[in-house]
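Trainee: Got a minute to go through this one with me? I'd like to talk about how the chains meet.

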Amino acid sequence: MEWLFFFEVSLAGLGTGGLYALTAIAFVLIYKATRVINLAIGEMLMVGAYLFFGAAAGWALPWWLAIIAALIGGGILGIVLERGVIRPLLGENPISVFMVTIGLGSILVGMVELIWTANPRSLPNFFPTDPIFIGDAFLAPKTFWSFVVAAVVIALFLLLFRFWRGGVALRATASDQGAAYAMGINVPAVYSLAWCLAGVIAAGAGILLGSIGGISSEMGFFGLTVLVVVIVGGLDSVLGALLAGILIGWMEAMAGVYLGGEYEHLVTFILLMVVLLLRPYGLFGTREIERL
Amino acid sequence: MSILNVEGVSLSFGGVKALRDVSMQVEKGSITAVIGPNGAGKTSLFNSISGFYKPQEGRVLFEGEDITRLPPPRRAALGLGRTFQNIALFRGMTVLDNVKLGAHVRMRTGLLSAFWYLGKARREEAEIREQIEREVFDFLEIDHIRRHPVANLPYGLQKRVELARALAMRPKILMLDEPVAGMNREEKEDMARFILDVKEHWGMTVLMVEHDMGMVMDISDQVYVLNFGQLIASGKPAEVQANPEVIQAYLGSGDVSTLREKLGARKRVA
């Protein structure tokens with residue numbers, strides 16, 4: 001019976017881990033293409049969740065239409081942030097840009113609170129509610145379905161990144177901007193594309209996260225754990241982001257159940273410190289990353 | 001007939017004048033070289049032509065069209081291909097992927113249509129790939145390393161892959177920034193042969209910046225000499241080689257100020 005419980009907690013942890021991995025991909029995408037450490041990723045996720053809430057509850061759209069609207073809104077938000085705020089800062093000190101993204105996060109929180117107030121809300125449920133059993137282990141249907149969706153989206157993204165010409169342009173830009181520019185790749189457009197895709201992914205993660213635990217203007221704190229995930233995985237590694245996301249999701253669930261809820265984040269940050277001590281460039285990161 | 005005209009280009013970074021009133025012409029189907037001592041402004045001139053720098057004064061004309069303000073990708077589409085002084089390959093990708101990216105500029109299907117009409121995009125990619133394999137890989141003798149990641153290749157081969165990538169763009173003018181820098185004699189000879197073949201068999205125009213005088217004098221049709229951001233001589237290799245100012249610029253007069261004076265005097269006379 002003990003093992004069954006362990007298995008159930010593990011599955012729940014993997015469920016959260018899937019969301020970490022998904023959001024971490026949005027983060028890594030921006031970092032790889034534009035070398036910007038975007039601390040506002042958690043807030044972009046929150047805005048996505050609120051856009052869904054606004055479309056589904058406010059305009060009373062059917063849930064699938066509301067999701068599409070929120071994803072498009074997230075993409076537009078990404079483009080607006082890139083063109084309006086990040087592009088003019090090109091070539092500035094990376095720390096300035098980093099600080100600006102922190103400011104962006106606060107502004108997004110403020111805007112959401114102005115429109116929807118600071119009260120927590122719950123999202124309309126759109127997942128099937130039949131309980132899920134894997135073997136004998138029970139899994140909350142929301143966790144299960146959000147993991148499935150996250151996994152599908154991640155797989156889709158990896159395929160795009162590998163085979164789509166836009167993905168190839170992204171990888172080329174991440175690898176050598178100057179050469180990409182001279183090869184006829186429109187690098188500024190690639191920047192916008194990276195932020196747009198990241199915005200869409202973050203909005204999707206926000207909807208999933210919100211449908212599990214409800215939404216509030218403080219949801220952006222999720223981004224803090226995502227930051228740990230990408231640093232542990234190595235800032236510029238997609239694979240690292242995936243594995244670290246799953247690992248940290250699982251560890252948090254374990255710590256929460258066996259040690260108590262207050263240990264969840266403690267364990268996460270201890271892992272961060274250990275990884276940084278042993279491998280300062282993250283588990284899968286490139287060695288020559290310029291550290292902030 | 002000249003394919004590329006540089007007219008009175010001046011470029012400065014803050015107070016530093018990297019280029020002063022530089023004019024040059026590249027004849028279609030020729031090999032034109034820009035030489036000069038370190039810091040003479042060769043790479044600045046190159047970057048002004050390929051669009052990485054925007055000169056404050058002057059114009060760059062390509063096939064008669066003013067391209068001074070166009071961003072690099074547009075120039076690439078018009079037919080300017082280049083390599084870099086420090087190898088600028090896409091590390092982590094294979095040789096084939098690198099070279100295929102050079103062909104990127106030739107694909108007609110746009111980013112989104114390549115996504116939606118997978119069939120058409122795939123056909124196009126297959127065609128381009130076949131073409132690349134036939135021409136570029138055989139020509140540069142890199143067929144055997146097609147599947148290798150570029151990061152692990154020896155320096156000389158990396159330089160060759162970079163040339164292959166530029167050739168895959170099928171440019172009208174191929175710009176080479178120090179194509180034989182850091183190579184041993186054998187690698188240099190190979191590269192010189194490839195550059196000559198590019199001109200003779202493919203009919204491409206080549207513009208190169210190079211330090212290696214031997215190679216420049218051997219294969220160039222026209223040589224321009226830069227010093228302190230100014231053009232001090234131009235002509236056939238033999239003429240340039242005999243020019244006392246060039247000799248002085250290269251060997252040094254022992255005193256920078258006399259050289260500057262001399263340059264100033266030349267300008268006043270002109």
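Trainee: How many residue pairs are in polar contact between chain A and chain B?

Mentor: Just to flag it, this is a predicted model. Between chain A and chain B there is one residue pair in polar contact, with both residues at pLDDT 80 or more.

Trainee: And how many salt bridges between chain A and chain B?

Mentor: Zero salt bridges between chain A and chain B.

Trainee: Which parts of chain A touch chain B, then?

Mentor: On chain A, α5 (141-163), α6 (165-175) and α7 (177-182) each put at least two residues into the side that touches chain B. The largest share comes from α6(A), with seven residues.

Trainee: What's the mix by class on that side of chain A?

Mentor: You get 11 nonpolar, five polar and four charged residues there.

Trainee: How much area do chain A and chain B bury between them?

Mentor: About 1900 Å², and 71% of that is on carbon and sulfur atoms. Looking at chain A's part, A:Arg165, A:Tyr181 and A:Met183 supply 40% of the area it buries against chain B, more than any other three residues. In terms of contacts, 20 residues of chain A meet 25 residues of chain B.

Trainee: Switching topic: how many salt bridges does the structure hold over all chains?

Mentor: There are 11 over all chains. One to look at joins the side chains of B:Glu63 and B:Lys172, at 3.3 Å from N to O.

Trainee: Where do B:Glu63 and B:Lys172 sit in the chain?

Mentor: In distant parts of it, 109 residues apart. B:Glu63 is in the loop between β4 (57-62) and β5 (65-66) of chain B, while B:Lys172 is in the loop between α6 (155-168) and β7 (173-177) of chain B.

Trainee: Last thing: which residues form the nonpolar patch on the surface?

Mentor: Among them are A:Phe5, A:Tyr258, A:Leu266 and A:Ile270, and the whole patch has about 970 Å² of accessible area. Two helices of chain A, α10 (238-258) and α11 (264-278), give two or more residues to the patch.

Trainee: Which element gives the most to it?

Mentor: That's α11(A), with five residues. A:Leu266 lies in that helix.

Conventions. Residues numbered from 1 in each chain as written. Chains lettered and ligands numbered in written order. Predicted model: local features only at pLDDT ≥ 70, side-chain atom pairs only at ≥ 80, totals over all residues. Heavy atoms only, no water. Contact = heavy atoms within 4.5 Å. Buried area = accessible area lost by both parts, 1.4 Å probe. Salt bridge = Lys/Arg side-chain N within 4 Å of Asp/Glu carboxyl O. Polar contact = N/O pair within 3.5 Å; in protein donor to acceptor, adjacent residues only side chain to side chain. Helix = DSSP H or I, 4+ residues; strand = E, 2+ residues; numbered from the N terminus. Nonpolar A, V, L, I, M, F, W, Y, C, P; charged D, E, K, R; others polar. Patch = residues over 30% accessible without salt bridge, like charges linked within 9 Å, V, L, I, M, F, W, Y side chains within 5 Å. Areas by Shrake-Rupley, 256 points an atom, 1.4 Å probe, with all protein chains shown as cover.
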